[in-house]
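Colleague: Before I go back to the bench, could you take me closely through one part of this protein, the charged side-chain pairs and the loops beside them? I would like a connected account rather than a list.

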Amino acid sequence: MSRTRSAQPDPRAMLRGGLPDRYLTPDDIAEIFEVPKETVYQWRKKRTGPPGFRIGKHLRFDPADVLAHVAERKSAGQDAA
């Protein structure tokens, strides 16, 4: 049985509904923030996006760190307003 895109969980819904029980991939981050995957790698290079870590050659993101990054960005945006 082939899995369609609609059968896969939406990473944004997982973050809204609670923390997922797995580390997020660059593809997940790109989908959550609706940006190209290349942007995720640029954020990492410039240290402006959510913090990630490597497991061997694979980049992963802790959902708690992603939520903290979003909260930090939101508060920084409110402080600037």
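Modeller: I would begin with D28, which is buried, since its relative accessible area is 10% and the cut-off for buried is under 20%. Please keep in mind throughout that this is a predicted model. The side chain of D28 meets that of R22 in a salt bridge, with 2.7 Å from N to O. Its partner R22 is partly exposed, at a relative accessible area of 33%, so this salt bridge joins a buried residue to a partly exposed one.

A search of the whole structure finds 2 salt bridges, and the other one involves the residue numbered just before D28, namely D27, whose side chain meets that of K37 at 3.3 Å, again from N to O. This pair links distant parts of the chain, for K37 belongs to helix α3, which covers residues 37-46, while D27 belongs to helix α2, residues 26-33, and the two are 10 residues apart. Here both partners are partly exposed, because K37 has a relative accessibility of 34% and D27 has a relative accessible area of 45%, and partly exposed covers values between the 20% and 50% limits.

Between these two helices runs a loop, and E34 is found in it. The backbone of E34 deserves a careful look, as its phi is near 55 degrees, a positive value in a residue other than glycine. Most residues other than glycine have a negative phi. E34 also counts as exposed, with 61% relative accessibility.

A comparable backbone feature turns up after helix α3, where R47 lies in the loop that leads from α3 to β1, the strand at 53-55. Phi of R47 is near 60 degrees, which is again positive in a residue that is not glycine, and R47 is exposed, with a relative accessible area of 77%.

To set this part in its surroundings, the protein has 4 helices and 2 strands, and from the N terminus these elements follow the order α-α-α-β-β-α. Of its 81 residues, 22% count as buried, and D28 is one of the buried residues. The accessible surface of the protein comes to about 6000 Å², and carbon and sulfur atoms hold 51% of that area. As for how the chain meets itself, if you take the contacts with a separation of 6 or more, 37% of them are between residues 24 or more positions apart.

Conventions:
Residues numbered from 1 in each chain as written. Predicted model: local features only at pLDDT ≥ 70, side-chain atom pairs only at ≥ 80, totals over all residues. Heavy atoms only, no water. Buried < 20%, exposed > 50% of the residue type's maximum accessible area, 1.4 Å probe, protein only. Contact = heavy atoms within 4.5 Å. Areas by Shrake-Rupley, 256 points an atom, 1.4 Å probe, with all protein chains shown as cover. Salt bridge = Lys/Arg side-chain N within 4 Å of Asp/Glu carboxyl O.
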